Amino acid sequence: MRPTLDFFRISIWRVIFVAILLSGLAGLYVRFVYGLGAATNLSDSFPWGLWKGFNVVAGIGLGAGGFTVAATVHVFNLKRYRPILRIALLTALLGYSFMALALIVDIGRPYRIWHPVVMWGEHSVLFEVAWCVILYLNVLALELAPAVCERFGWRKLLRAVKAISAPVVIFGVILSTLHQSSLGSLFLILPEKLYPLWYTPLLPVFFFVSAICAGLSMVIIASWQGNRALGKQLELPVLEGLGRALAVVLAIYLLGRYLDLEDRGALTLLLRNRMETWLFALEISLLLAPMLLLFLHRVRSHPGRLYACALMVILGFVANRLNVTVTGLEASSGTHYVPKWSEVSVTLSMVALGFALFRFFAQHFPIFDERRPQPAAREAHAEQGVPAGVG
Amino acid sequence: MSQTILYDSTMCIGCKACEGACAERWHLPYDDKVAAEPRLSAHKLTAIQTYGDHYIRRLCMHCAEPTCVSVCLVGALQKTTLGPVVYDEDKCIGCRYCMLACPFQVPVYEWSSRLPRVRKCDMCYARLRAGKPTACAEACPTGATISGDRDGLIAEARRRLAEKPGAYYQRIYGLEEVGGTCTLFLSAVPFEQLGLRANLPSTPLPQLTWRILSHTPHIASLAAVALGGIYWITHRREEVAAAEGSPRRRSDN
């Protein structure tokens with residue numbers, strides 16, 4: 001462990017980090033003292049903004065790596081992905097926790113966040129999402145519990161947690177499948193409001209598949225960060241496999257989006273010179289470019305290039321979620337929404353805190369340094385390339 | 001059975017007596033400044049809007065199958081058997097999904113309040129239960145707004161359309177929009193010229209999500225069997241290895 005004095009070391013990143021946190025605190029002060037009207041640019045005609053679109057709708061998707069890798073390792077038994085399992089689970093737990101935190105900031109009566117547990121609106125997609133997320137947070141805690149037990153040497157608890165791991169993982173995969181797709185179903189109720197480049201009955205399917213892409217990319221990014229910032233060993237062959245899987249899932253997703261647009265006769269919309277067209281083009285190119293690049297071996301096998309591709313996928317994914325929640329709804333609302341400084345600062349500080357907590361847990365808990373598979377076992381699985389769990 | 005409000009734009013003189021009566025019913029301040037505001041807001045739950053020579057009233061449409069009720073995750077919004085869609089502010093968590101989902105853009109929010117509520121017309125639910133007309137209908141000097149039984153008011157609207165075919169655009173707004181509403185409009189001009197949405201489907205919007213949501217138990221149970229089965233198959237090799245006492249692979253967990 002590093003000496004305590006190191007904690008007070010001043011670097012440019014720490015200054016930026018503290019500045020972001022302070023601006024976020026200022027934003028929170030405005031929100032809780034003066035209300036949502038003062039802290040956001042939301043209005044009666046535009047009731048959902050950055051906090052819902054980025055922190056909640058995109059944030060949950062960014063945590064999808066947890067269930068994807070858990071399914072690959074445990075259900076499909078592809079043990080060579082084992083070394084990145086806890087990295088994936090930690091990104092998921094942090095992503096979901098900050099999503100819950102953002103929701104508390106966004107809803108008008110934060111102290112009633114527990115209401116859906118006892119007051120049932122079972123006809124609401126949001127009700128299903130709420131329940132799945134609450135349950136899945138518990139699943140993630142159980143899946144990560146071994147890391148905590150190992151850290152503190154709680155052997156009995158470790159054995160108990162591992163004994164129930166199979167049903168827990170399967171339960172988590174089911175919950176994730178349901179709520180990742182349901183986030184798309186949230187917008188099915190807006191057929192005459194959401195711009196037709198994005199409104200499709202297939203929204204739940206597209207949300208599910210793209211969440212897998214975002215989740216895998218987050219795992220690549222987290223591994224790379226762990227390597228750069230903490231000097232953890234980079235599991236390059238494993239990440240190369242993830243890159244392969246990412247390329248294939250992206251290809252399936254983009255082909256699906258194209259076929260859907262064609263089927264609905266919406267392709268001609270792309271000829272219109274509108275804001276929607278350009279932001280749609282941005283979203284698609286941020287996903288298409290990394291897909292093409294990831295099919296090249298020299299991109300996949302190079303950590304920096306792989307990282308750049310993963311980053312592009314994340315940006316394209318976030319662009320998609322913001323297009324569905326913001327861009328696609330502007331025309332029908334008759335207003336133009338640009339987030340207020342406080343909305344941006346709170347969002348940024350949550351992202352920054354997420355990175356900091358990831359670093360903290362990666363440093364102090366066995367996340368990267370879990371016991372590696374035996375050489376013999378690795379050999380036995382060397383032939384299995386793409387994780388079938390994500391196809 | 002269902003109580004309904006019928007607003008006839010051709011009879012409206014734009015006096016805004018309905019706005020004043022509505023403000024009084026909700027104990028909201030009402031003066032010339034509020035009267036001049038064209039939009040619905042947290043302090044104005046009905047509004048008379050002017051489009052050229054024509055007036056149109058905006059208020060909750062009280063859908064037969066309300067979108068807001070279906071999207072509310074805590075059941076704060078409810079459709080009553082009497083007709084009105086009512087709001088329970090003690091349940092509401094303030095997620096504002098109802099505002100996003102409402103096809104008529106009716107629910108509004110107390111943005112400047114520290115503990116905000118959603119606000120919307122409740123068709124004077126308490127008055128209706130007491131057998132009285134709504135406050136707006138009682139205040140209307142010309143009979144442009146009347147309240148009563150839905151079937152009766154539809155018959156009345158049809159009678160007016162037939163009696164003066166030249167004076168009316170020959171449709172009743174709310175008869176079929178999103179499966180029918182308990183607020184009905186008549187007008188001299190097509191409704192889209194009065195700022196109303198004319199592109200609404202005649203099927204209730206909640207069906208769009210319920211079609212998928214209702215399959216949740218099936219998807220979950222199928223996935224459980226499929227994933228459990230895959231787990232059982234993919235882990236067979238380890239069971240065999242363990243049974244044979246092979247040194248090649250000890251359990252990985």
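Is Asn77(A) buried or exposed? Asn77(A) turns out to be buried, because 21 other C-beta atoms lie within 10 Å of its own and 20 are enough to count. Keep in mind that this is a predicted model.

## Three residues with positive phi

Asn77(A) is worth another look for its backbone. Its phi is positive, about 60°, although Asn77(A) is not a glycine. You can find Asn77(A) in the loop that runs between α4 (65-75) and α5 of chain A.

Chain B has a residue of this kind too. Lys16(B) is not a glycine either, and its phi is near 65°, a positive value. Lys16(B) sits in the loop between β1 and α1 (17-25) of chain B. With 21 other C-beta atoms within 10 Å, Lys16(B) is buried.

Then there is Gly35(A), which takes a positive phi of about 95° just after α1(A). Here is how the three look side by side:

| Residue | Phi | Other C-beta atoms within 10 Å | Burial |
|---|---|---|---|
| Asn77(A) | about 60° | 21 C-beta atoms | buried |
| Lys16(B) | near 65° | 21 C-beta atoms | buried |
| Gly35(A) | about 95° | 18 C-beta atoms | partly exposed |

## Gly35(A) and the helix before it

Let's stay with Gly35(A) for a moment. Its place is the loop between α1 (12-34) and α2 (36-39) of chain A. Gly35(A) is partly exposed because it has 18 other C-beta atoms within 10 Å, while a buried residue needs 20 or more.

What does Gly35(A) touch, leaving out residues up to four places away in sequence? Its contacts are Trp111(B), Ser112(B), Ser113(B), Arg114(B) and Pro116(B). Within chain A, Gly35(A) and Gly108(A) are 73 residues apart in sequence, yet their C-alpha atoms are 8.2 Å apart in space.

The helix leading up to this glycine is α1(A). It has 23 residues and spans 33 Å from first C-alpha to last, close to the 33 Å you would expect at 1.5 Å a residue. Gly24(A), Gly27(A) and Arg31(A) are buried in α1(A). A bit of helix geometry helps here: an α-helix has 3.6 residues a turn, so residues three or four places apart point the same way. The buried residues of α1(A) pack against α2, α5 (85-106) and α15 (341-364) of chain A.

## Where the two chains meet

How many residues does each chain bring to the contact? Chain B gives 54 residues and chain A gives 47. On the side of chain B that touches chain A, the elements giving two or more residues are α3 (67-71), α4 (97-101), β6 (108-109), α8 (206-213) and α9 (216-234). Of these, α9(B) supplies the largest share, ten residues. Sorted by class, this side of chain B has 32 nonpolar, 15 polar and seven charged residues.

## Chain B as a whole

Chain B contains ten helices and nine strands. Its radius of gyration is 26 Å, well over the 18 Å that the globule rule gives for 253 residues, so chain B is more spread out than a compact globule. Along the principal axes, its C-alpha atoms fill a box of roughly 95 × 45 × 35 Å.

Of the 253 residues in chain B, 42% count as buried. If you take the contacts in chain B with a separation of 6 or more, 61% of them link residues 24 or more positions apart.

## A sheet with a buried middle

Chain B also has an open sheet of three strands, in the order β8-β1-β9, with mixed pairing. The edge strands are β8 and β9 of chain B, and each pairs on one side only. On average, neighbouring strands of this sheet are turned by 25° against each other, direction ignored.

As background, strands of a sheet pair through backbone hydrogen bonds, either parallel or antiparallel. In this sheet, β1(B) pairs with β8 (145-149) of chain B in the antiparallel sense, over five bridges. One partnership there joins Leu6(B) to Ile146(B). With β9 (183-186) of chain B, β1(B) pairs in the parallel sense over four bridges. In β9(B), Thr183(B) stands opposite Ile5(B), and Leu186(B) stands opposite Asp8(B).

Why is β1(B) described as largely enclosed by the rest of the structure? Six of the six residues of this strand (3-8) are buried, so the description fits. Both faces are covered: Gln3(B), Ile5(B) and Tyr7(B) are buried on one side, and Thr4(B), Leu6(B) and Asp8(B) on the other.

Terms used: Residues are numbered from 1 along each chain as its sequence is written. Chains are lettered from A and ligands numbered from 1 in the order in which they are written. This is a predicted model: local features need pLDDT of at least 70, side-chain atom pairs count only at pLDDT 80 or more; totals for chains, interfaces and linings use all residues. Two residues are in contact if their C-beta atoms, placed from the backbone, lie within 7 Å. Ala, Val, Leu, Ile, Met, Phe, Trp, Tyr, Cys and Pro count as nonpolar, Asp, Glu, Lys and Arg as charged, and the others, Gly among them, as polar. A residue is buried if 20 or more other C-beta atoms lie within 10 Å of its own, exposed if 12 or fewer, and partly exposed in between; C-beta atoms are placed from the backbone. Two strands pair if DSSP finds at least two bridges between them. The expected span of a helix is 1.5 Å times one less than its number of residues. Axes are lines fitted to C-alpha atoms, for helices over the stretch in contact, and angles run from 0 to 180 degrees between N-to-C directions. The radius of gyration is taken over C-alpha atoms; the globule rule is 2.2 Å times the number of residues to the power 0.38.
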